[in-house]
Amino acid sequence: MVQTRFNDLSACKNLNRLAKNFNEDKFHLKHMIQDKKRLENFSLKFDGFFYDFSKQRIDDRVMEELLNLAKQAEAKKKFSQMISGEIVNITENRAALHTAARGFIPDPANLTDMDVMSEINRVNSQIKEFSAKIHTSQIRSDSGKSFKDAVVIGIGGSYLGCEFVYTALKNCIEPNINLHFLSNVDIDNFGQVIKAIDPETCLWIVISKSYTTTETMANLKQVLLFLKNNNLDPSSHLVTVTAKGSPGDNPANPVLDSFHMFDFIGGRYSVTSAVGGLPLSLAFGFDIFTRFLNGCHAMDLHAVNTPEKENIPLISALISIWNSNFLHYPAQAIIPYCSALSELAPHVQQLYMESLGKGVTFDGKLINHKTGVIIFGEPGTNAQHSFFQLAHQGSPFPVEFIGVVTPVYNKDQAGSNGVYNHQELWANMIAQAKALAMGKNDDNKAKYFTGNRPSSTLVINNLTPESLGMLLAFYEARTVYEGFILGINPFDQFGVELGKILASQIRDHIKQKNMDESYNFDSIDLDPATKFYLDTLFNGSL
Ligand SMILES: O=P(O)(O)OC[C@H]1O[C@](O)(CO)[C@@H](O)[C@@H]1O
């Protein structure tokens, strides 16, 4: 199937023409947001979500062309093909079925080598049974004690999404088991984790699809040594989440239990598989995890069934493309005015940048347009005391605010200035979006604010397992829609390979040095800085 290249779509040509107008003063947001009907025209509601994109630098013509772009790129058709199990990850010849993990049944005609739903249901039943046995102490530690903590040993998609959801959920639900995350190969990450747990009541969950990821395998080695030093049998303290047939899925491997993750679900899309399912069920119970899955499924249904104009993830994807490819913003910030969502941005950073940071189209041609932009974020109001100086007076970037109407803690907890803390929080979120849009004239140019800086605001009624599921699936669907419209494959990640190859080369030099003390780095072809760093690592201090 030959697809017209992104830049050759007529909607792109029209959007390029329209974008040229947007530098004229009459298109300044301070004028545009005075239109009473603007909020009504540029906002969407769905199941407790309110998506306000009225402070984006758009007008009716731009939205019309963006919707044409979605149609010309056949975005909804591709999304339906993905969710039905067609091969959308062309370079790896795989389907992308993270939506099946929460109940969207793919078309059996597309599933040749595996009964996807029975496999997903089998693993979920195994998780439900295992976590219940842990909670009821039917499964105890090597010293006969009930488990109190669990450490996720994994990196990238094997922990980021789980950490985001756990951090948010523990704000509203007391965990049965406390989760900790061991991701970095930095030995101090391990050192900090073991300070926080009792070895006798700690379960270790190795999460790795490949079971070859350097950091995870190095951390597993530390854990096995730690268990040995504490006279604890790994077969009573270790479980694995890995692909069928990986080195970790070996019955000879001494583990308490092993759970499968699947090739048809990529790491950064795997929170609703056993990658998130096992740790979150241990923390909160399988019922809570099921409610989270239901929230994801509700957003999946919205994303696949809702017409383009009312489709929140699709509209958000189109605006993201307008900002990156036509208004040329190089970054995008995610600023939840909700401390419980503190780990959302790190998860979306990998989800978005590992999905969209590509150099070729889905059919292998070099890209000749922007693909992914830089995603970053911190909770507000903290961000106001960190990088909002640049947001207001430096090189501009779009901001995505997220507000949660009802906090878990007492909403009417007395604050200062005659308002409650929660009202103070919201006053700031609203003010920041307004200041970015309106700006402020001042003869003293150091105090001049250009304004005309775009933002969206996503308002969520309250944080529940369901609304968190909707939020996770919103970002997944938005990322996928953006990739389909840009004409790239959002599901492979060859860009992470070169660094790993070079690291293994340097590792081999270091291994040689470890074995042969007389070995010096002068004998090998390394750039001066690398030689200096290696000499410093072995021979001296800075
Ligand atoms: O689950 P694995 O195989 O250890 O991979 C961990 C992570 O590394 C990557 O492959 C590259 O960052 C991610 O896509 C993945 O989530």
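Me: What makes β12 and β13 a pair?
Reply: Seven bridges join strand β12 (residues 399-406) to strand β13 (residues 455-462). Two strands pair if DSSP finds at least two bridges between them, so seven is enough for these two to count as paired. They run parallel, and Val404 has Ile460 in β13 as its bridge partner.

Me: Where do these numbers come from?
Reply: From a predicted model, in which local features need pLDDT of at least 70 and side-chain atom pairs count only at pLDDT 80 or more, while totals for chains, interfaces and linings use all residues. Residues are numbered from 1 along each chain as its sequence is written, and side-chain values use heavy atoms, with hydrogens and water left out.

Me: And what makes something a strand or a helix here?
Reply: Both are DSSP runs, numbered from the N terminus: H or I over at least four residues for a helix, E over at least two for a strand.

Me: Which strands are the edges of the sheet that holds β12 and β13?
Reply: The order is β1-β2-β13-β12-β10-β11, an open sheet with mixed pairing. β1 (43-46) and β11 (374-376) each pair on one side only, so they are the edge strands. Neighbours in this sheet are turned by 15° on average, direction ignored.

Me: How do you know that helix α16 runs at about 155° to β12?
Reply: Lines are fitted to C-alpha atoms (for helices, over the stretch in contact), and angles run from 0 to 180 degrees between N-to-C directions. Helix α16 (residues 421-438) lies across β10 (331-337), β12 and β13; contact means heavy atoms within 4.5 Å.

Me: What is the strand order in the parallel sheet?
Reply: β6-β5-β7-β8-β9, five strands in an open sheet. Its edge strands are β6 (178-182) and β9 (257-261), and neighbours are turned by 20° on average, direction ignored. Helix α6 (residues 116-135) packs on this sheet, touching β7 (202-207), β8 (238-243) and β9, and makes about 145° with β9. Five bridges join β5 (residues 149-153) to β6, and Val151 has His180 as its partner there.

Me: Why is Glu119 with Arg122 called a salt bridge?
Reply: The term needs a side-chain nitrogen of Lys or Arg within 4 Å of a carboxyl oxygen of Asp or Glu. The closest N and O atoms of Glu119 and Arg122 are 2.9 Å apart, so the pair qualifies. Being three residues apart in helix α6, the two are separated by about one helical turn. The structure holds 20 salt bridges.

Me: What makes Ser158 a polar contact of the ligand?
Reply: A polar contact is a pair of N or O atoms within 3.5 Å; within protein, one must be able to donate a hydrogen and the other to accept it, and residues adjacent in sequence count only if both atoms are side-chain atoms. A polar side-chain atom of Ser158 lies 2.7 Å from a ligand oxygen, so this is a polar contact. A side-chain N or O of Ser208 is also 2.7 Å from a ligand oxygen, and a polar backbone atom of Gly157 is 2.7 Å from one.

Me: How much of the ligand does the protein cover?
Reply: 85% of the 400 Å² of accessible area that the ligand has on its own, by the Shrake-Rupley method with a 1.4 Å probe (for residues, only the protein chains shown count as cover). Residues near the ligand (a heavy atom within 4 Å) include Lys209, Thr213, Gln350 and Glu354.

Me: What is notable about the phi of Tyr211?
Reply: Tyr211 has a positive phi of about 55° although it is not a glycine; Tyr211 sits in the loop between β7 and α9 (214-229).
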